[in-house]
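Open the model in your viewer and set it to a cartoon view, with side chains available on demand. The tour goes from one selection to the next.

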Amino acid sequence: MIEKEREVLCMPLPNKELAFERTSAKQRVYETVKDWIIEGQFKPGEKVSDIEIADYFKVSRTPVREALQLLEAQKLVKSYPGKATIVTELEKDDIEKWYLPMAMLQQLAITLAVEKITPAHINHLKKLSEVFKECIKEQEKPMPILKADKAFHSCILEAAGNEYITDFCDVLWIHIQRLEYSFFRDTPLEASVEEHERMIKVLEMKDSYLASVLAKEHWDRTALSIRELNKNV
């Protein structure tokens, strides 16, 4: 007796087009509002209106609310249910909270990268260093400088190959960029260019000790400079 072939039901697939549109809208809102907070267009203590943002982007309030949830998880906004969503204060007096762990993570990352760095990584770092050098020629536009700087250090994180270090650094970077926005606009950055170039050289030499020292000096110097800059504000 031939066993009757069982009917196989296909699992219904979600509507991909709608899902992708929604994700894209959320990401677009998130990235833009994050930049607005970093640049100070949305100032600390200001109320963030999901209705106005949705109208600006011509999207529903759902992706806006999802983007604001991401921003709250990263402590850029604070939601008070039934009341308002507020941009968090910029804690200029507590610079070490962000720079101390960032310096340690960057030290670890570059030490790991020494053993894993490839010629492709080195070539990419050199290109990113040149991009950064070009960006600082227009210091009245800090955001491209911030992004070029992050791209350079992110390449080292990529070479290190530890996603946990990368994830932790990404969270710290957002707050550090809020501090560095004014710093990159008002402070000569030739020292940063030189330090980037020296990091590339020691990575090529595969000198893990010197790479670690350079990374710490780089982040410590930036933290000290920002602390001094804030004293004059």
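Start with helix 6 and helix 8, which cross in a left-handed sense. This is a predicted model. The axes of helix 6 and helix 8 (residues 190-205) come within 12 Å and make an angle of roughly 15°. An angle under 35 degrees counts as roughly parallel, so helix 6 and helix 8 are roughly parallel to each other.

Now show the side chains at this contact. On helix 6, select Asp149, Phe152, His153 and Ile156. On helix 8, their counterparts are His196, Met199, Ile200 and Leu203. Sorted by class, this contact has 5 nonpolar, 2 polar and 1 charged residues.

Keep helix 8 on screen and add helix 9 (residues 208-231), whose axis is 9 Å from that of helix 8. The packing angle here is about 165°. Helix 8 and helix 9 are therefore roughly antiparallel to each other, and their crossing is left-handed. Select Ala191, Ser192, Glu195, His196, Arg198, Met199 and Val202 in helix 8. They meet Leu210, Ala211, Leu214, Ala215, Glu217, His218 and Arg221 in helix 9. The contact of helix 8 with helix 9 comprises 7 nonpolar, 3 polar and 4 charged residues.

Go back to helix 6 (residues 142-160) and add helix 5 (residues 119-135). How do the axes of helix 5 and helix 6 cross? They come within 8 Å, at roughly 165°, and helix 5 and helix 6 are therefore roughly antiparallel. The crossing of this pair is left-handed. From helix 5, the contact includes His121, His124, Leu125, Leu128 and Phe132. From helix 6, it includes Pro144, Ile145, Asp149, Phe152 and Ile156. By class, the residues of the contact of helix 5 with helix 6 divide into 13 nonpolar, 3 polar and 2 charged.

Last stop: hide the helices above and turn on a surface. The largest pocket holds about 280 Å³ of space. It is lined by 15 residues, and those closest to its centre are Asp50, Arg65, Leu68, Ser79 and Thr85. Which elements each supply at least two residues of the lining? Select strand 1 (47-48), helix 2 (50-57), helix 3 (61-73), strand 2 (77-80) and strand 3 (84-87). Helix 3 gives the most, with 4 residues. Colour the lining by class to see 7 nonpolar, 4 polar and 4 charged residues.

How values were computed
Residues are numbered from 1 along each chain as its sequence is written. This is a predicted model: local features need pLDDT of at least 70, side-chain atom pairs count only at pLDDT 80 or more; totals for chains, interfaces and linings use all residues. Side-chain values use heavy atoms; hydrogens and water are left out. On a 1 Å grid over the protein atoms alone, a cavity is a set of points where a 1.4 Å probe fits but cannot get out, and a pocket is an open set with protein on both sides within 12 Å along at least five of seven lines; lining residues have an atom within 4 Å of a point. Grid points are joined across faces, edges and corners, and a volume is the space filled by probe spheres set on the points. Ala, Val, Leu, Ile, Met, Phe, Trp, Tyr, Cys and Pro count as nonpolar, Asp, Glu, Lys and Arg as charged, and the others, Gly among them, as polar. Axes are lines fitted to C-alpha atoms, for helices over the stretch in contact, and angles run from 0 to 180 degrees between N-to-C directions. Angles under 35 degrees count as roughly parallel, over 145 as roughly antiparallel, 65 to 115 as roughly perpendicular and the rest as oblique. A crossing is left-handed if the near helix is turned anticlockwise from the far one by less than a right angle, and right-handed if clockwise. Contact means heavy atoms within 4.5 Å.
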